Every structure is written in structure tokens, then in C-alpha cells.
Amino acid sequence: MKVQNNSILMGNDIRSSRHSERKDNNKIKPIDGSAFKTKLDPVAAKKEEAKKKAMKIVSDAFVNELKIDDDLNSRREKIKSLQKDMSDANRAIREIEDRRASLRDTYGVEEDSQEEQDLKLLEKEIRCKMPGNDVRFDKGDLDRIAELKKNGLSEYQQRSLEMLEQEVPYATTAYEAKQEIMVENQIITATELERLKTHPMVDAGKQADAIMDEASKEIVGMLVDEAKDHIDEEAEKEKEKAETEKEKKEELQARIDATKEKKKEDEKLTEDILEGVAKASSTTNEVSAAQQEIKDMMNKMKLIEDDIKGAAVDKSL
């Protein structure tokens, strides 16, 4: 039973959650009107356009600076790697030279002996294979080398020269690494000097400022034109309003003039009726007719009075 109750509660929670989600989905979500405002407002559009141009110039300059930084860092890392290669190669060469010195001691050859001097001459052929070595031969050297080879080398000389041959690849690696390091350092130096001359970020900032200044001038012109248009529009409205008022006044005056004219006509009619009544007062029948005529006249006068009141009301408006 507990399991069923828990299941029921969970089912209710799920239904409640889904119902809440449906209500949330049915709610009218607010619409961001900033994009519409920019499209409808030319001043805002001009500001946005200038801002984008300025940001692009600065952003492009910054991205370019980052690329240069990455390139310089990459070159510095390469120099470190080349320095390690050169250091390892030079260490290997020193180790070989140490073994050659030990070999000389083992054979008991003195450094100033003829055997050692002949070995130094024979070394020139091998050192010519090593880049960066300024080895030169004269005719006497070449003749002596040929003679030594013809007579045969000593065991010490042969073994020492074999060990020297092992230095060739290391010497080549060290020399090439050194040359590459020089090139990379030259590129880094030239790049940094060029940076000091050009100031790309500063120049980009100036260009961005110029764009914003130009946009500001255009915006001022737009606002002035808009103000002029508004003033002209308001003046036209005032002109139309004045013409409408003038037409109303003329219409009212025409009605008043018409009422006055009608009043004069009615007054003349009244005088004629009274005169007729006076003439007809000699007989009873004539008196009754006159009274009826006076009554009709008064009804007409009432209408005239209402017209005059209406005209007065219109004039007060």
C-alpha cells in the first residue's frame, strides 16, 4: 500500500510539472525590440554602423597582434629546441674529443710528437666535411698527406681518425642549429623593431576614433535635418489650424448676418401687421382676425428669437 501511495504522489507531481510546463509555454514571451528600434531609428542605425566599423578595425588589429605574438612565441620555442640540439651535439663532440685524448694517453703519444702533428694534418680531410670549419690546405700539406697514406698510418692515428669521423654528424647538427638560431633571432628582432615603428594598436585606435567622429558629425547633420523637418511640419499644422479657424469665423459671421437680416424682415412684417390691426379694429370680426394674425406673428417672432440665441451660442464657440 505504501508503494501505491508513493506512486500516486509521484504521478501527481509529474502531471503537475507537465501542466506547469504547458502554462509556461503558453505564456506570451516578451519580444526584444532593440533590433526594430535600430532599423526604424536612422540615428541609432548610424551609431551602430560606426560602432561596428570601429570595433572591426580594433579587433582586426588586435587579432593581428595576437598572431604576431603567437609567431614570436613559436620562434622563441623553436630557438629553445635548437639550442638544446646544439648543446647535445656539442656535448657529444666533447665526449668524443675526451675519448681521443684518453686514446693518446693510452698509446703514450706526446702532443708535440711528429706522430701527433701528422695526425693533425690528417684530421683536416675529415674536418673539411664539417660545415663552418675554415680548413685550408697548401701544396705541402697535400704532399705530406699523400706520403703518410702511402707509408701507412699508425694504429693510434687510424683509431683517432675513426673517432673523429663520428663527430661529423654532430658538428653538422650543431652548425645548422646555430644558423637557424641566428635567423630566428634576426626575424624576432626585425619584427619587434617594426612594431615600435608602426604601433598597430595605437593606429587602429586612431582610425576607430576617426570613424566615430565622422559618424558623430553625420548624426548631428541628421538631427539638424530632422529638427528642420519637424519645425516645417509644425508650421504647416499651425497654418492649417489658422485657416480652419478663419473659415469657422467667416461661417459664423455669415450666419449672424443672415439672422440679423431675417430679424429686420420680421420687424417690418410686425409693423405691417400692427398697422393692419389698427385699421381693422372697427368690427369684432376684424378684431378676431387681427388677434389671430398677431398670434401667428408672435409665433414667428419666437422662432426668430431662437435663431438669434443659436447664433449667439455659435459665436461664443
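Here are two exercises on a predicted model, each with a worked solution.

**Exercise 1: the aromatic pair**

Classify the pair formed by the rings of tyrosine 107 and tyrosine 156, place both residues in the chain, and decide how accessible each one is.

*Solution*

Step 1. Count the pairs. The structure holds one aromatic pair.

Step 2. Classify the pair. The ring centres of tyrosine 107 and tyrosine 156 are 5.8 Å apart, and their planes meet at 50°. Planes under 30 degrees apart count as stacked, and those over 60 as edge-to-face. The angle of 50° fits neither class, so the pair is tilted.

Step 3. Place the residues. Tyrosine 107 belongs to helix 3 (residues 42-107), and tyrosine 156 to helix 6 (residues 155-165). They are 49 residues apart, so the pair links distant parts of the chain.

Step 4. Judge accessibility. Buried means under 20% relative accessible area, and exposed means over 50%. Tyrosine 156 has 2%, so this residue is buried. Tyrosine 107 has 29%, so this residue counts as partly exposed.

**Exercise 2: the largest pocket**

Describe the largest pocket by its space, its lining elements and the character of its lining residues.

*Solution*

Step 1. State the space. The largest pocket holds about 190 Å³.

Step 2. Find the elements. Helix 3 and helix 7 (167-198) each give two or more residues to the lining. Which helix gives the most? Helix 7 does, with five residues.

Step 3. Sort the lining. Seven residues are nonpolar, two are polar and three are charged. Among the lining residues are Met86, Asn90, Arg127, Glu167 and Lys178.

How values were computed
Residues are numbered from 1 along each chain as its sequence is written. This is a predicted model: local features need pLDDT of at least 70, side-chain atom pairs count only at pLDDT 80 or more; totals for chains, interfaces and linings use all residues. Side-chain values use heavy atoms; hydrogens and water are left out. Rings of Phe, Tyr and Trp (its six-membered ring) pair if their centres lie within 6.5 Å; planes under 30 degrees apart count as stacked, over 60 as edge-to-face and the rest as tilted. Helices (H or I, at least four residues) and strands (E, at least two) are DSSP runs, numbered from the N terminus. Buried means under 20% relative accessible area, exposed over 50%, partly exposed in between (1.4 Å probe, protein chains only). On a 1 Å grid over the protein atoms alone, a cavity is a set of points where a 1.4 Å probe fits but cannot get out, and a pocket is an open set with protein on both sides within 12 Å along at least five of seven lines; lining residues have an atom within 4 Å of a point. Grid points are joined across faces, edges and corners, and a volume is the space filled by probe spheres set on the points. Ala, Val, Leu, Ile, Met, Phe, Trp, Tyr, Cys and Pro count as nonpolar, Asp, Glu, Lys and Arg as charged, and the others, Gly among them, as polar.
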